[in-house]
Every structure is written in structure tokens, then in C-alpha cells.
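Got your viewer open? Let's take a short walk through this one, one selection at a time.

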Amino acid sequence: MKQIKNVKLSQWVAEIEKLCKPESVYWCNGSDQEYQQLMDSMLASGATVLLNEKKHPNSYLFRSDPSDVARVEDRTYIASVNQDDAGPNNNWIDPRELKTVMTKLYEGCMRGRTMYVIPFSMGPIGSPISKIGIEITDSPYVVVNMHIMTRVGQAVLETLGEKGEFIPCLHSVGAPLQKGEQDSSWPCAPIEQKYISHFPEENLIWSYGSGYGGNALLGKKCLALRIASVMAKREGWMAEHMLILRLTNPQGRRFHIAAAFPSACGKTNLAMMKPTIAGWKCETIGDDIAWMKIGQDGRLYAINPEAGFFGVAPGTSYASNPQAMETLKTNSIFTNCVLCDDRDVWWEDMGVECRHGIDWKGREWTPASGEKGAHPNARFTSPARQCPVICPDWDNPAGVPIDIFIFGGRRTSVVPLVTESYDWDHGVYMGATAASEPTAAALDVKSRLRYDPFAMLPFCGYHMGDYWQHWLDMGDKLGKKAPRIFYVNWFRKSPEGKWLWPGFGENSRVLKWMCERLEGRANGAETPIGLVPKPENLDLDGMSLNDEDVKMLLEVDRKAWAQELPDIEAFMKKLGSKVPKRIHLQFEKQQKRLTA
Ligand code: GTP
Ligand code: SPV
Ligand code: MN
């Protein structure tokens with residue numbers, strides 16, 4: 001075995017090897033050569049397809065098993081010692097019981113496969129805010145994705161040293177191979193054997209049975225959100241499901257914005273937005289996760305712990321997100337997209353045609369097939385540094401100071417385009433009661449509307465009531481230096497079902513209003529739900545919206561809002577006695593304003 005200085009690491013790897021019984025063990029060094037060798041072997045086995053070099057140099061397409069296409073929230077567990085620490089927002093199993101079940105599954109589960117050991121850093125290597133993880137996996141697809149999404153390699157082991165701490169992340173696709181057995185192109189286990197498990201007291205992650213996205217790339221949702229959120233609560237910082245961007249106004253003043261929208265609700269798009277208003281510039285820092293700490297000057301500093309984007313492909317086009325289209329041009333991995341006859345990739349609403357190709361299930365496909373060619377949760381994996389508007393400070397270990405928090409979701413009715421909170425507690429209430437219509441990012445969510453506080457419902461590794469308290473505590477610590485809080489909804493529709501707001505680059509107009517609010521230069525109207533701009537407070541120059549639509553976009557329908565109060569109350573009741581008094585107080589204030 002490779003000489004490893006860190007005793008805990010070498011013991012853990014030896015223990016897992018003994019349990020999972022792989023054919024061989026391979027330590028990843030993160031090099032381009034390693035990436036190429038893995039891709040070559042997956043090409044040889046038929047697990048991937050090399051795309052047209054003229055269209056997408058050095059890029060590959062994978063097709064997953066039809067049963068393994070998104071995060072599985074029903075199979076995701078927080079195994080804290082006490083059930084109450086996980087809270088009603090999480091699936092809980094006693095950690096001893098879960099380990100017994102999973103140990104049986106792991107027994108011999110890597111037979112016939114290589115066990116890869118991936119040392120990775122979330123955040124710039126060596127930054128005081130970064131964390132080291134070690135993922136053990138039997139999936140070469142996971143390894144190549146981790147190469148892009150995190151910082152992998154020898155430097156991580158050197159930083160770890162003899163006694164450094166790391167977060168062990170164990171992953172197996174759960175499909176051992178018998179001697180001579182032909183491997184499938186996307187091995188995985190049946191749904192009832194899938195487990196995405198977290199042991200927050202031990203900073204430990206065990207994932208079994210799925211090879212897709214957040215189920216398998218364990219640095220992302222498992223480490224950087226579920227485990228990190230618990231660490232952040234313990235240590236007084238924040239781990240959030242947020243994009244980070246820098247907006248510069250025509251006078252050169254910079255604003256740093258962090259926004260939490262649920263999965264498939266517009267983070268990647270906003271992070272790379274191309275402003276349609278003259279003189280404004282947007283630069284991307286991160287598109288999914290923010291880790292934030294209070295700095296020496298008392299302000300809140302954010303880093304993006306990731307190194308790549310794992311973005312939703314359908315809907316991405318030169319019209320909606322040109323920066324993403326440029327980012328994914330080269331060195332990218334595509335999963336569950338259409339393969340066109342010219343070996344280019346395609347997905348719905350890409351803005352170009354594909355007349356004939358192979359769909360995500362591997363079948364012949366044409367636009368007349370009557371089914372979507374790409375899976376709605378098809379994804380691209382691309383290096384962050386390839387984004388044309390990546391911020392020069394995107395990997396600055398010190399982070400960027402946050403001025404504005406935005407919450408939001410996908411609401412076809414009721415919620416106006418933008419609302420500013422009256423104060424921190426009101427803003428926390430807005431985040432706590434954020435709701436959204438479900439998307440393809442988690443197909444096992446069936447409700448019409450779900451409360452998804454801070455877009456963290458599937459990602460908060462502890463009791464939601466304690467998490468809300470943590471937000472209040474952070475506000476108390478930040479005091480006057482706390483970011484201002486807004487709520488947005490890009491997805492309101494007219495009664496006829498058309499989008500009222502064009503979204504994407506035009507969202508810059510909403511961000512402009514926020515920045516001007518911070519500078520004391522813009523007005524709005526006090527409403528029962530917060531401060532909402534009047535049409536004349538927004539810069540709508542050069543847009544072709546009609547007055548009726550603008551009115552509808554900004555409308556606060558008291559009756560419709562009041563009708564949601566019982567649902568909010570029921571949601572809070574379900575969370576139980578840990579819901580902070582200050583949140584109940586905000587609820588009462590809102591109720592009073594609505595019924596006054
Ligand atoms: P995750 O990666 O799952 O966390 O998703 P995300 O929050 O990054 O969502 P993303 O930006 O990938 O957007 C998801 C879908 O919403 C895509 O189909 C987009 O085209 C669509 N979308 C994003 N922004 C807007 C917008 O401003 N208006 C409208 N109408 N659609 C949008
Ligand atoms: C999400 O679902 O919020 C994602 C995709 O960003 S995954 O990495 O699969 O969690
Ligand atoms: Mn996400």
C-alpha cells in the first residue's frame with residue numbers, strides 16, 4: 001500500500017478494503033493523466049461516449065440507469081444519536097441500527113471492482129474555512145466528476161499531514177461483479193437498497209447504491225451541506241445552499257449577493273446572469289453552496305467550497321444562460337442528455353434543433369418521439385475556471401463580504417417579483433417560510449407546494465428549529481453589519497399561464513433595485529408582507545412589458561396570502577417546540593398586517 005502519513009486515514013482505508021473486498025485499491029492524484037486514463041477505460045468498456053471534438057473538445061456523455069437519475073430524499077438519512085437532533089425535517093435511523101444494515105450491504109460490495117481513494121478539499125487547499133474529505137468509491141464516473149467539482153490530489157494529503165482531520169466519505173454503487181460477469185454501463189442498486197447516510201456526531205458519510213449527483217459526489221450535498229451545516233452550527237458559521245455573485249454598478253461599487261433557491265429554481269442561472277441594463281457587471285463566485293464566516297471587520301465572508309458546476313442541462317441555452325454555454329464547451333461531462341448523429345449533445349430548450357439521435361435511455365430518438373430526449377434532471381459537470389465571467393476572487397481563501405441575501409422559490413401565483421424584509425428577524429421568517437413547487441431534481445417529492453426553508457429542507461443536517469435559531473443568532477452577532485434580506489419569485493404566471501417576467505438577464509433589474517435600496521436611493525411600498533417596489537421604482541426601460549402584467553407581477557393579494565397562513569402554521573407545528581419564539585412572533589406580526 002501507498003505510504004500514508006496520516007494514521008487515521010491509512011487505518012480507515014485498510015478497514016474499508018477489508019470490508020468491501022475490491023479487486024484493487026487506487027489512490028487518486030488528481031492529475032490530467034489520471035483523468036484521461038479513467039475516461040479511456042470507460043470508453044473501452046462502453047460506459048461513456050466521446051463527443052465531437054469540434055463541438056465539445058475533451059468532453060464525454062454518460063447515460064445513467066433509468067432508476068438512478070436524481071437525489072433520492074426518501075433514502076437520505078441523518079443518523080444522529082438522538083432523534084430529536086435530526087428533527088422532523090430529516091429521515092432518522094438509530095446510527096447503530098443503520099450501521100448494522102449498511103455494513104451487511106458493504107460486505108464484499110466492491111468485488112471485481114477497483115476501490116478509488118480520493119483526497120479532496122472543499123474550498124481552496126489550506127484556507128482556514130476549507131475542509132478536507134476523503135471519498136472512497138468504486139465508481140470511476142464519480143472520480144472524474146470529483147476531479148472537476150472539488151480540488152483533488154496529493155496537495156490535499158500534504159495539507160492533511162500526520163494528524164490532520166478529514167471527513168470520511170464512503171461510497172459504493174452497490175453492484176459487486178462475479179468472476180467473468182459483464183459490467184453494466186451504469187451499475188447501481190435497487191431503490192430499497194439505496195442509502196445516503198450521515199452520522200453528524202462522527203462527521204461521517206456512508207452512501208450506497210446510487211451513482212448519481214448528490215447521492216454519489218459526496219463532497220457536495222452530503223459534506224458541504226448536511227455535515228457542514230452541523231459543524232457550522234457547532235462552530236458559529238454558516239453552510240448554505242446558495243449561489244454567490246458580485247454585481248458591480250456603473251459607478252464601480254461592488255455588491256456581493258448570496259441567494260438560496262431550491263434545487264432547479266435558478267441558482268446557476270442567476271450566478272452567471274448577463275445583466276440587460278447598461279453599465280452593470282455580474283461575476284460568478286459559486287452556483288450552489290456558500291460557506292460563510294464572520295471576518296475580523298465583523299462582516300460576513302463567503303467562499304464557494306466547490307471547484308466546478310454540476311448544472312441542470314435542460315433549459316440552458318445561449319438565450320437563457322450564455323455564460324454556462326461557454327463554460328460547458330470544453331472539458332465537460334454530460335449525463336443523461338441526447339447524443340445527436342454528429343456526436344454533439346442536445347437537450348430540451350437548448351435553442352437549437354436536433355433532428356435525430358439517441359435519447360438518455362439509449363434509444364433512437366427524434367423530436368416526434370413524443371418523449372423528452374434528455375432527462376429533466378440531465379446535468380453538465382464543468383470546471384468553474386472556464387466560466388467567462390468567473391470572478392477573480394472566486395477562489396480567494398478569504399472569501400467575499402456579503403451585502404445581500406436573497407431567498408426564493410418557484411411560485412406560479414401569490415408571491416410578487418421581489419420583496420424586502422423589514423428587518424433581520426422578518427428576513428429570517430421569510431427564509432423560514434419559503435415555499436416552492438417541486439422540480440425534477442428530486443423526483444420522489446410529490447406535493448403541490450412544499451415549504452423548503454432557506455432551500456435547505458433536503459440539506460439541513462439537524463433540527464430545522466435549531467437551524468432557524470442559528471440564523472437568528474448569526475443576525476445578533478452581525479448586528480448592523482448583517483446583510484439585507486430580500487425574497488424573489490421569477491416564476492409568477494398570468495391566469496392564462498404565461499410567464500409574467502422574462503427572467504434570466506432581466507433579473508438584473510431586480511438586483512439593481514436591491515442595490516439601490518442599500519444605497520438609500522430607491523423606494524418601495526410598505527405592504528403586509530414587506531417592502532415591494534412600485535412599477536416606477538424598478539428600472540424597466542427598454543422592456544416591452546404591459547402595465548397590467550407589471551401590476552400583476554408586483555401585486556400583493558392579501559386574501560391569497562392570508563389563505564396560506566394556516567399552512568405555514570401547520571408546517572411550524574410539525575417542526576414542534578424548537579421553532580424559536582422570535583419566528584412565532586414574526587408569524588403573528590404578518591398575520592396582523594394581513595388582517596388589519
Ligand atoms: P440545482 O443545481 O438543482 O441546485 O438548480 P439551480 O437552482 O442551480 O437551478 P438552475 O439555474 O439550473 O435552473 C433550473 C431551471 O430553471 C432551468 O430550466 C432554467 O432554465 C430555469 N430558470 C432559471 N432562471 C430562470 C428565470 O429567471 N426565469 C425562468 N422562467 N426560468 C428560469
Ligand atoms: C440539487 O439537487 O440541489 C443539486 C444537484 O445541486 S445534486 O448535486 O444532485 O444534489
Ligand atoms: Mn443545488
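Ala, Val, Leu, Ile, Met, Phe, Trp, Tyr, Cys and Pro count as nonpolar, Asp, Glu, Lys and Arg as charged, and the others, Gly among them, as polar. This is a predicted model, where local features need pLDDT of at least 70, side-chain atom pairs count only at pLDDT 80 or more, and totals for chains, interfaces and linings use all residues. Residues are numbered from 1 along each chain as written, ligands are numbered from 1 in the order in which they are written, and side-chain values use heavy atoms, without hydrogens or water.

First, select Met430, Thr433, Tyr487, Trp561 and Gln590: of the 17 residues lining the largest cavity, these are the closest to its centre. By nature, the lining splits into 11 nonpolar, 4 polar and 2 charged residues. (Lining residues have an atom within 4 Å of a cavity point, on a 1 Å grid over the protein atoms alone, where a 1.4 Å probe fits but cannot get out.)

Next, pick the manganese ion (ligand 3). Which residues hold its protein donors? They are Lys221 (NZ), His241 (NE2) and Asp288 (OD), 2.1 to 2.4 Å from the ion. (Donors are N, O and S atoms within 2.8 Å of the metal, or 3.2 Å for Na, K and Ca; water is not among the atoms, so sites may look incomplete.) Along the sequence, their spacing reads K-x19-H-x46-D.

Now click on Lys221: at 6% relative accessibility, this residue is buried. His241 is buried too, at 0%. (Buried means under 20% relative accessible area, with a 1.4 Å probe and protein chains only.)

Note on methods:
On a 1 Å grid over the protein atoms alone, a cavity is a set of points where a 1.4 Å probe fits but cannot get out, and a pocket is an open set with protein on both sides within 12 Å along at least five of seven lines; lining residues have an atom within 4 Å of a point. Buried means under 20% relative accessible area, exposed over 50%, partly exposed in between (1.4 Å probe, protein chains only).
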